[in-house]
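The following paragraphs lead through one protein chain, step by step. Please keep the sequence and the three-dimensional view at hand while reading.

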Amino acid sequence: YPYIFRTTLCFNHLDPAQKLTTSYLSRIASTQWRPNSRAKQKGVQLLSRLADMAGVEFDASQYKSEYNPSKVEREIPTDDQIESVIDNIKNRKWLWVAAMMATYGLRDHEVFVCQLEQRTFKNKTVLIALVPEGTKTGSRPVLPLPEMWVTRWRLHEVDKPNVTAVINKDYGDRTSTQFQRMQIPFTAYSLRHAWNIRAALQAELPTAVAAQLAGHDPGTNLRLY
């Protein structure tokens with residue numbers, strides 16, 4: 001099921017009324033994904049398999065994506081843009097997901113498995129997101145940045161969508177699809193990137209601390225943000 005679901009997302013770019021030809025597959029491969037993105041890397045691979053099954057000549061090598069996270073062109077929304085978009089999400093459950101990713105910089109699958117806990121720091125109570133073991137980088141606590149978003153979107157009122165997943169990527173696929181359906185003008189993962197930039201440039205957290213909260217190594221933090 002997970003493989004079929006991911007494959008279907010790729011084939012959404014195909015017009016069922018269009019004859020499957022070499023030129024048509026080439027046009028899809030060259031126009032439907034950002035250069036050097038992971039989506040293009042996976043998409044072209046699946047188009048190549050489809051061409052093989054259909055007996056259509058298709059040279060996937062000329063559309064090869066040199067995926068490298070540090071080379072991907074990203075459009076990062078500003079805090080004002082994030083607030084405007086999330087404020088206007090009609091579905092409370094998906095509003096909560098988007099707001100959690102924005103406020104805590106969580107990966108999409110981490111939103112569905114994390115727990116919230118009140119902790120006191122220097123006589124101040126803060127709502128912490130606790131990411132458990134079994135995720136991409138193991139357990140860790142995460143701070144809200146900015147903290148006022150916790151109140152703005154009532155994040156303490158946990159209201160997750162009912163999503164069934166076999167592997168973590170299933171959560172990500174479902175979240176990406178939902179963002180597209182809601183016509184949100186940026187990707188879900190852009191909210192995580194925005195949090196990391198906020199942690200480094202606005203909160204001015206030390207690189208090691210910001211990296212630990214985000215769940216990646218300091219080298220990744222410096223290279224990307």
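In this predicted model, helix H5 meets helix H8 through Trp 94, Val 97, Ala 98 and Met 101 on the H5 side, and through Arg 174, Thr 175, Gln 178 and Phe 179 on the H8 side. Sorted by class, the residues of this contact are 5 nonpolar, 2 polar and 1 charged. Two packed helices are described by the angle between their axes and by the distance between those axes. For H5 and H8 the angle is about 110°, and the axes lie 11 Å apart. Angles from 65 to 115 degrees count as roughly perpendicular, and H5 and H8 are therefore roughly perpendicular to each other.

Helix H5 also packs against helix H9, here at an angle of about 25° and with the axes 7 Å apart. Because angles under 35 degrees count as roughly parallel, H5 is described as roughly parallel to H9. From H5, the residues in this contact are Ala 98, Met 101, Ala 102, Thr 103 and Tyr 104; from H9, they are Ala 188, Tyr 189, Leu 191, Arg 192, Trp 195 and Arg 198. By class, the contact of H5 with H9 has 8 nonpolar, 1 polar and 2 charged residues.

It is useful to place these helices within the whole chain. The chain contains 11 helices and 3 strands. Read from the N terminus, the order of elements is α-α-α-α-α-α-β-β-β-α-α-α-α-α. The chain has 225 residues, of which 43% count as buried. Its exposed surface amounts to about 12,600 Å², and carbon and sulfur atoms supply 50% of that area. Among contacts with a separation of 6 or more, 62% join residues that are 24 or more positions apart.

What lies in the interior? In soluble globular proteins, nonpolar side chains tend to be buried together. In this model, the largest nonpolar core has 40 residues, and Ile 86, Met 100 and Tyr 104 are those with the most contacts inside it. Several elements each supply at least two residues of this core: helices H4 (79-87), H5 (92-104), H6 (108-113), H7 (148-152), H8 (168-181), H9 (188-202) and H10 (207-214), together with strand E2 (124-131). The largest share, 10 residues, comes from H5. Another core, of 14 residues, lies apart from this one and includes Tyr 24, Leu 25, Ile 28 and Val 56.

Which residues does Tyr 104 touch, leaving aside its neighbours within four places in sequence? The list consists of Leu 116, Leu 127, Ile 128, Ala 129, Val 142, Leu 143, Pro 144, Val 150, Leu 155 and Trp 195. Trp 195 has already appeared among the H9 residues that meet H5.

The loops contain some details of backbone geometry. The loop between strand E3 (140-142) and H7 holds Pro 146. The peptide bond leading from Leu 145 to Pro 146 is cis, with omega near -5°.

Further along, Arg 154 occupies the loop between H7 and H8. Its phi angle is near 50°, a positive value in a residue other than glycine. Is Arg 154 buried, partly exposed or exposed? With a relative accessible area of 38%, Arg 154 is partly exposed, because that class lies between the limits of 20% and 50%. Not counting residues up to four places away in sequence, Arg 154 touches Arg 92 and Trp 96. The C-alpha atoms of Arg 154 and Trp 96 are separated by 8.2 Å, although these residues are 58 residues apart along the chain.

A positive phi is also found at Gln 183, where the angle is near 55° in a residue other than glycine. Gln 183 belongs to the loop between H8 and H9. At a relative accessible area of 69%, Gln 183 is exposed, since exposed means over 50%.

The path ends in helix H11, which spans residues 218-224 and contains Gly 219. Gly 219 has a relative accessibility of 32% and so counts as partly exposed. Between Gly 219 and Ala 208, the C-alpha to C-alpha distance is 9.0 Å, and the two residues are 11 residues apart in sequence.

How values were computed:
Residues are numbered from 1 along each chain as its sequence is written. This is a predicted model: local features need pLDDT of at least 70, side-chain atom pairs count only at pLDDT 80 or more; totals for chains, interfaces and linings use all residues. Side-chain values use heavy atoms; hydrogens and water are left out. Helices (H or I, at least four residues) and strands (E, at least two) are DSSP runs, numbered from the N terminus. Buried means under 20% relative accessible area, exposed over 50%, partly exposed in between (1.4 Å probe, protein chains only). A nonpolar core is a set of buried Ala, Val, Leu, Ile, Met, Phe, Trp, Tyr and Cys residues joined through side-chain atoms within 4.5 Å. Contact means heavy atoms within 4.5 Å. Axes are lines fitted to C-alpha atoms, for helices over the stretch in contact, and angles run from 0 to 180 degrees between N-to-C directions. Angles under 35 degrees count as roughly parallel, over 145 as roughly antiparallel, 65 to 115 as roughly perpendicular and the rest as oblique. Ala, Val, Leu, Ile, Met, Phe, Trp, Tyr, Cys and Pro count as nonpolar, Asp, Glu, Lys and Arg as charged, and the others, Gly among them, as polar. Accessible areas come from the Shrake-Rupley method with a 1.4 Å probe; for residues, only the protein chains shown count as cover.
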